Amino acid sequence: MLRIDGLHTYCGHGHILQGVDLEVPPGRIAVVLGRNGVGKTTTLRSIIGLASPRSGRVLLGDKDVAGWPPHRIVRVGVGYVPEGRMIFPDLTVVENIQVAQRLPAKQWSMERLFTLFPSLAERRRNKGAQPSGGEQQVLAGARALVTDPKVMLLDEPSQGSSNSRNTSYYERHG
Ligand SMILES: Nc1ncnc2c1ncn2[C@@H]1O[C@H](COP(=O)(O)OP(=O)(O)OP(=O)(O)O)[C@@H](O)[C@H]1O
Ligand SMILES: [Mg+2]
C-alpha cells in the first residue's frame, strides 16, 4: 500500500533523510523509532508533501506521489496527524473537523467519529484550544479520519493520550 524507496530530503543545507526505505503492506502497522532529531517527522512530512524529497519514490499503490502538494496526496488517501497536533485554537471542535471534510464523508461521518470518541462529542462546541492535550490529540486523529484515508500517518500519536477513553480507538483499530 505505502512504499518509500531511497528517499533523500534536505532541510535547508541539512541532508536529513539519506536513503530511507520503508514498506507498509495493506492492513499492517509500521512503527518508526529513533532518537530525537533523527528524521522521523521529516520522513512523514516527505510522505504527505510538506517536505519535498530531492530524490526517491513515495508509492501509494501504483502512484508515485513524491513532490506532490499535500492536498493532492490527501485526495489519494493519506491522513496526517502532525506532531504537536496543530489544532486551530479559535475554531470549535466541530469546525476543526469540518475544515478537513471536503465532501460528505463516505466512511467517517461526524456521528461515527463522535460515537467512537465520546470525549470529543462532549466538547463539540468548545474552542479547539480548550480540550486537554490528550483530547486535542484525539481531535487531530478525527480530523485526519474524516478525509477517509487509506493510510494514516501518526506523528507521536500517544503524546498526551493516557486517558483510556481516548486511546481505546487506537487500541482496537491500530
Ligand atoms: N525546517 C528545518 N530547517 C532546518 N533543519 C530542520 C528543519 N526541520 C527539521 N530539521 C532538522 O532535521 C533533523 C530531523 O528532524 P525531525 O524533526 O525529522 O526529527 P525527529 O526524529 O522527528 O525528532 P523528535 O523525536 O524530536 O520529534 C533535526 O536535526 C532537525 O534539526
Ligand atoms: Mg518528530
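# Exercises around T41, its helix and a sheet

T41 has a relative accessibility of 22%, which makes this residue partly exposed (buried is under 20% relative accessible area, exposed is over 50%, and partly exposed is in between, with a 1.4 Å probe and protein chains only). Before you start, note that this is a predicted model: local features need pLDDT of at least 70, side-chain atom pairs count only at pLDDT 80 or more, and totals for chains, interfaces and linings use all residues. Residues are numbered from 1 along each chain as its sequence is written, chains are lettered from A and ligands numbered from 1 in the order in which they are written, and side-chain values use heavy atoms, with hydrogens and water left out.

## Exercise 1: the metal

Find the protein donors of the magnesium ion (ligand 2), and say which parts of the chain they come from.

**Solution.** Start with the atoms: OG1 of T41 and OE of E83 are the protein donors, at 2.0 to 2.5 Å from the magnesium ion. A donor here is an N, O or S atom within 2.8 Å of the metal (3.2 Å for Na, K and Ca); water is not among the atoms, so the site may look incomplete.

Now place them. T41 sits in helix α1 (residues 40–48) and E83 in the loop between β5 (78–81) and α3 (93–98), so the pair ties together parts that are 42 residues apart in sequence. (Helices are DSSP runs of H or I with at least four residues, strands are E runs of at least two, and both are numbered from the N terminus.) Finally, check E83's exposure: at 34% relative accessible area, E83 is partly exposed.

## Exercise 2: ligand 1

List what surrounds ligand 1, then pick out side chains with a polar atom by one of its oxygens.

**Solution.** First, the surroundings: C11, I16, R35, N36, G37, V38, G39, K40, T41, T42, E83 and E156 (near means a heavy atom within 4 Å). Both magnesium donors, T41 and E83, turn up in that list.

Next, the polar contacts (pairs of N or O atoms within 3.5 Å; within protein, one must be able to donate a hydrogen and the other to accept it, and residues adjacent in sequence count only if both atoms are side-chain atoms). A polar side-chain atom of K40 is 2.7 Å from an oxygen of ligand 1. For T41 the distance is 2.8 Å, and for T42 it's 2.6 Å.

## Exercise 3: the helix

Is α1 largely enclosed or not, and what covers its buried residues?

**Solution.** Go through the helix: K40, T42, T43, L44, S46, I47 and I48 are buried. That's seven of its nine residues, so α1 is largely enclosed by the rest of the structure. The cover includes β1, β2, β3, α2 (70–76), β5 and β6. Just past the end of α1, G49 takes a positive phi of about 95°.

## Exercise 4: the sheet

Trace the strand order of the four-stranded open sheet and follow I4 to its partners.

**Solution.** The order is β2-β1-β3-β4, with antiparallel pairing (two strands pair if DSSP finds at least two bridges between them). β2 (14–24) and β4 (63–64) are the edge strands with a single partner each, so one side of each has no neighbour in the sheet. Helix α1 packs on the sheet and touches β1, β2 and β3 (53–60), its direction making about 110° with that of β1. Contact means heavy atoms within 4.5 Å; axes are lines fitted to C-alpha atoms, for helices over the stretch in contact, and angles run from 0 to 180 degrees between N-to-C directions.

Now count bridges: eight join β1 (residues 2–11) to β2, and six join β1 to β3. I4 stands opposite L22 in β2 and is bridged to V58 in β3. Y10 has H15 as its bridge partner in β2. The β1–β2 hairpin has two residues between the strands, and G12 there takes a positive phi near 60°.

## Exercise 5: a buried loop

Decide whether V146, T147 and D148 are buried or exposed, and find what T147 touches.

**Solution.** V146 lies in the loop between α6 (133–145) and β6 (151–154), as do T147 and D148. V146 is buried at 3%, T147 at 11% and D148 at 18%. Leaving out residues up to four places away in sequence, T147 touches V74, G79, A100 and R102. A polar side-chain atom of T147 also lies 2.7 Å from the backbone oxygen of A144. As for the backbone, D148 has a positive phi of about 55° although it isn't a glycine.
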